[in-house]
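Here's a quick tour for anyone opening this one up for the first time. Have a look at the picture, then read on.

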Amino acid sequence: MLNLFSIFQNFFNTKEISDDNLKKFSQDHIQRITVNNGSGLFTIILNEMVAAYTAYFGNITEEDLAFAVQQSLTMSTDNLLQTFKDTVSRKEGIIKDTYGKGSPTYQEFFPLGVDEYHQANKSNVETLMSRMVSSATAHIADLGLPFVNLFRDIKDNYTIARNLQLAKKGEVSTERVETGTTRDVVEVQVCKNIHFIGYTFPGNDAECMKFFDQSIIRPSQSSDSDGIGRAAGIITHETTGAVLADVVVDYVGLFTPSKKSKSDGTYKAANAPLGAQRVRFVKPGFISLEVPIIIGDVGDTPLNITLRPE
């Protein structure tokens, strides 16, 4: 029988999850939020997760992850800017039909015409958003509260995303932040994220699991049975047999984070759905390689490869 009480527990408050594994899990989770944040929907929990991580473990020091977070925020900002333009284009007809194109009220919304909004950029879009919200609020009796809230939400989300993007731009920190905060802040934030993502994709476990790699915090992967797996192995030079570090590893056609091989040539790709997949290996100076693999429900599916120099 389903016990709803268990759903609201803190799953991460256990000695079975070490600090090191919680750190790896958190970093992977941050990267997965970043990869799946094209619409900007998860910008707030991304920022909260980075803050929680920093409070306990210190600043994220991996340059590629910090850059990925900043790129995600940039993408969110750009998408919200475009969303605003598209929404103005759709709603301009309502304003025109309600007041007439030559009316003072229409001019209040569009003093320089609709093209002013179509040509909006990051230097002036917040001013245009504020104007649209103010004008819509002034005429809420005619246009309705949903009309006002639509533009207010776009403006609020854009402001958050833009501020976060500017704060992260160029930031690759190498200093550890020493605080007395316990790991509870990380545990609780991940729990919040689980519920938020579950609310966003109700009943869609496959979509929800794109944000988490629970194999990192599972005591043993030898008897994995969660319906996902990953390729793992070692990458070597075809001619010399030397191990190859910094090889970028990802899946062809899957929207999953890329990984890099370590200094000893070992790699672990991101989690992927079970079954036939193609793993791609890319490193400057070598011929890129795509290798078919059957991902099994056993945690890590072995795949050792060699790369040929160009």
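Let's start with Glu187, which touches Asn10, Phe12, Asn13 and Leu22, leaving aside residues up to four places away in sequence; contact here means heavy atoms within 4.5 Å. This is a predicted model, where local features need pLDDT of at least 70, side-chain atom pairs count only at pLDDT 80 or more, and totals for chains, interfaces and linings use all residues. Residues are numbered from 1 along each chain as its sequence is written, and side-chain values use heavy atoms, with hydrogens and water left out.

Glu187 sits in helix α10 (residues 184-200). Its relative accessibility is 1%, so Glu187 counts as buried (under 20% relative accessible area with a 1.4 Å probe, protein chains only). The side chains of Glu187 and Asn10 share a polar contact of 3.0 Å (a pair of N or O atoms within 3.5 Å, one able to donate a hydrogen and the other to accept it).

Now for the nonpolar cores, meaning buried Ala, Val, Leu, Ile, Met, Phe, Trp, Tyr and Cys residues joined through side-chain atoms within 4.5 Å. The largest one has 25 residues, and Phe84, Phe110 and Met132 have the most contacts inside it. These helices (DSSP runs of H or I, at least four residues, numbered from the N terminus) each supply at least two residues of that core:

| Helix | Residues |
|---|---|
| α4 | 63-99 |
| α5 | 104-109 |
| α7 | 125-138 |
| α9 | 145-168 |

A second, separate core of 24 residues includes Met49, Tyr53, Val186 and Phe211.

Notes. Buried means under 20% relative accessible area, exposed over 50%, partly exposed in between (1.4 Å probe, protein chains only).
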